[in-house]
Every structure is written in structure tokens, then in C-alpha cells.
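Hi,

Here is the structure I promised to pass on, with the sequence alongside. Have a look at it first, and then read on for my notes.

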Amino acid sequence: MRDTRGTTRVVAILGDPVEHSRSPAMHNAAFEALGLDYVYVALRVRPGDLGRAVAGARALGFAGWNVTVPYKERIIPLLDRVSATARAIGAVNTVSLVGHQLIGDNTDAEGFRRAIAKLAFRPRGKSAVLLGAGGSARAVAYALSQAGVGRLTILNRTRARALALARQMRAIGRSEVIVGSLGSARAAAPVREADLVVNCTSLGLDGRTIPPIPIAETPAHCLFYDLVYGPERTPLVRLAEQLGRRAEDGRTMLLEQAGLAFHLWTGRRAPLGTMERALFPSGALPA
Ligand code: NDP
């Protein structure tokens, strides 16, 4: 339990649900490690209360906060300014109080870019398959489009959502964008030519479900990046590795986006090693 004083700056995560968030553990460990007088708390905001919650956090002088499901889009009109990246993605995951202004940002896209860069994957000219078309898929699609990916295939259960994301990506980038229904036979063709497959659905959170794509038919060099994460390897990562593919879960992206938010709030470089150890204290993956 951190000591708090009259001078302590408050940072939070606003969402619903937030009970299972690992962000308080990560950020509080980082504040502790750097001796910063900050505390991070998880605050559940019930439907209909977002406006009052934002006004309250502003009035109370919070240094900033993370935004999670289901408020990443809905918070935008409540802020004073939104970065160009967050505007293009259409979602804010980090808010900072600068003077009296609330500034919205999106660190998921840059977090993803850094995560695949650490795996030495360079998107330029490559063929990427995105599973999902929700908030995280928008950030990943933006990052890949900005990095010059050659072809982006968006496969989603709800086709209309994939079409909307494709329109958005065609408007801001030069990549070829293809849309398909997740699980359909026709969606298998781009998977067979994929250099990168990114799971941006929640499939796998239950520890069992694998997204319905023909993983065995991907090229041998195909990299799998699963945004889902947990103390154990995710089902997709396990199967892809069994089939000899390189695969990683979403913890690096989680850490990188958190590190970027930490920097926005404190001006200090985040101690990512400390944050990683705090993420799943007893759940280190075997090397
Ligand atoms: P959203 O709710 O915005 O989107 C969920 C996506 O999952 C949609 O594309 C949805 O499809 C799809 N989906 C959900 N259930 C099913 C199902 N049964 N079958 C097929 N598709 C399904 O969530 P987010 O994009 O914010 O998050 C998605 C995942 O990414 C979560 O597991 C989250 O924890 C993780 N995440 C990880 C991050 C990291 O840093 N590693 C950052 C952000 C998110 P449909 O449109 O048809 O409903």
C-alpha cells in the first residue's frame, strides 16, 4: 500500500469494468521505484456518469488518467484538445491535465509499433491480417498504415465494423485495404500470404478460444502478435508456436503504452522492467 500525502498527485483508470486492471500495479510500482509522489487508482465509472467523472477528475486536479472500455471514444467530446493520432484513430486511452486543459492521446498505436519493432518486424510493404475491428484494432491499423504496410486485411465477425475501419484507413493511408468476415472460407486466402497476423479480438481471454483462421496455412515466417495477454501464454500464441511460427502475446504493447502514458503524466522515462515485474508477479513466462 502506497503512502499518500497532501501533495500526492492522483492518476487513475476510468472504465467499466476496471476491477481486473493490472495498470494500478504497474504504475504504482513505477512511482515507487522512481520515488515519485503519485498514486494510481482504478475507478469504475457507471454508464451515464462519464461527464460527471471527467468534471470531477478535472476539479480535483488529477494529473491524468487512462481510459478503457467502453469510454475510449465517448470521452473525446469531453476533452479540451485531442492529439492528431488520437483524432485519426478516433479513440483516447490517455488523458493528461496540462495547466487547466485536458489533453487526450492514444498510446496504444505507438505501444504496438514499439512492440513489433522489438520483434524486428518492419511493416513497410508487408501483408498484415488484422483480426477484429474494435478500439484496439483501430489503433493497430493506424500504426501499420503509418508504417507503410503494403496490404492490410481486416477480418471481423461483424462485417459492417470492418468496412467502417477499412474506409477510415483508406482515407488516411496508402495501404491496400481488404475486408472479410472472420471465420469465412474466403477470408483464408489473405491468411495464406500473411507476414503478420494480429489478434485484436477478445478471443483467447478465456484461456481456451483460438480465433477461427487457418493458422497452419500461414507462411512459415509469419509473425503472430496477440493483443490478449495474461499470466500464461495465450491459446493463439501456444498454437502458433506449436506450428513453428513466431508468436508473442500483448504484454509488451501493454507495457509500452503504459510507459508512454507514464511519461506524459510525470515527464520521466518509465522503468519498464519494474512495471513488467509488477504486471504478473508470479507469472513470468518461461524463456
Ligand atoms: P472492443 O470491444 O473494442 O472490440 C472487440 C473485438 O473482438 C471486436 O472486433 C469484436 O467483434 C471481437 N469479438 C468479441 N467477441 C468475439 C467472438 N466471440 N467472436 C469473434 N469476434 C469477437 O475491444 P478492444 O479492441 O478494446 O480489445 C480487444 C482485445 O485486445 C481485448 O482482449 C483487450 O484486452 C486487448 N487489448 C490489449 C491491449 C494491449 O496493450 N495488449 C490494448 C488494448 C486492448 P465484433 O465487432 O463482431 O463485436
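To start with the ligand: how do the residues of the shell around it divide into nonpolar, polar and charged? The split is 10 nonpolar, 9 polar and 2 charged. Keep in mind as you read that this is a predicted model, so everything below is computed from its atoms.

As for who is in that shell, 21 residues surround the ligand, and the ones that come nearest are S136, N156, R157, T158 and R161. Two helices, α5 and α9, each supply at least two residues of the shell.

Three polar pairs are worth pulling up on your screen. A polar side-chain atom of S136, one of those nearest residues, lies 2.6 Å from an oxygen atom of the ligand. With G135 the backbone is involved: one of its N or O atoms lies 2.9 Å from a ligand oxygen. L254 also uses a polar backbone atom, which is 3.2 Å from an oxygen atom of the ligand. On its own the ligand has 920 Å² of accessible area, and the protein covers 78% of that.

Where does the ligand sit? It is in the largest pocket, which has a volume of about 1500 Å³. That pocket is lined by 41 residues, and T68, V69, S136, S202 and L205 are the closest to its centre. So S136 turns up in both lists: it is among the residues that come nearest to the ligand and among those closest to the pocket centre.

The lining of the largest pocket divides into 18 nonpolar, 16 polar and 7 charged residues. Strand β3 (64–67) and the helices α5 (135–146) and α9 (251–266) each supply at least two residues of this lining. The most comes from α9, with 3 residues. Both α5 and α9 also contribute to the shell around the ligand, as mentioned above.

A few backbone details to check while you have the model open:

- D16 and P17 are joined by a cis peptide bond, with omega at about 10°. P17 is in the loop between β1 (9–15) and α1 (23–34).
- V69 and P70 are joined by a cis peptide bond too, with omega at about 5°. P70 lies in the loop between β3 and β4 (81–82), and its partner V69 is one of the residues closest to the centre of the largest pocket.
- A120 is not a glycine, yet it has a positive phi of about 60°. You will find A120 in the loop between α4 (108–118) and β7 (127–131).

Over to you!

Cheers

Technical notes:
Residues are numbered from 1 along each chain as its sequence is written. This is a predicted model: local features need pLDDT of at least 70, side-chain atom pairs count only at pLDDT 80 or more; totals for chains, interfaces and linings use all residues. Side-chain values use heavy atoms; hydrogens and water are left out. On a 1 Å grid over the protein atoms alone, a cavity is a set of points where a 1.4 Å probe fits but cannot get out, and a pocket is an open set with protein on both sides within 12 Å along at least five of seven lines; lining residues have an atom within 4 Å of a point. Grid points are joined across faces, edges and corners, and a volume is the space filled by probe spheres set on the points. Helices (H or I, at least four residues) and strands (E, at least two) are DSSP runs, numbered from the N terminus. Ala, Val, Leu, Ile, Met, Phe, Trp, Tyr, Cys and Pro count as nonpolar, Asp, Glu, Lys and Arg as charged, and the others, Gly among them, as polar. A residue is near a molecule or strand if one of its heavy atoms lies within 4 Å of it. A polar contact is a pair of N or O atoms within 3.5 Å; within protein, one must be able to donate a hydrogen and the other to accept it, and residues adjacent in sequence count only if both atoms are side-chain atoms. Accessible areas come from the Shrake-Rupley method with a 1.4 Å probe; for residues, only the protein chains shown count as cover. A molecule sits in a cavity or pocket if more than half of its atoms lie within 2 Å of its grid points.
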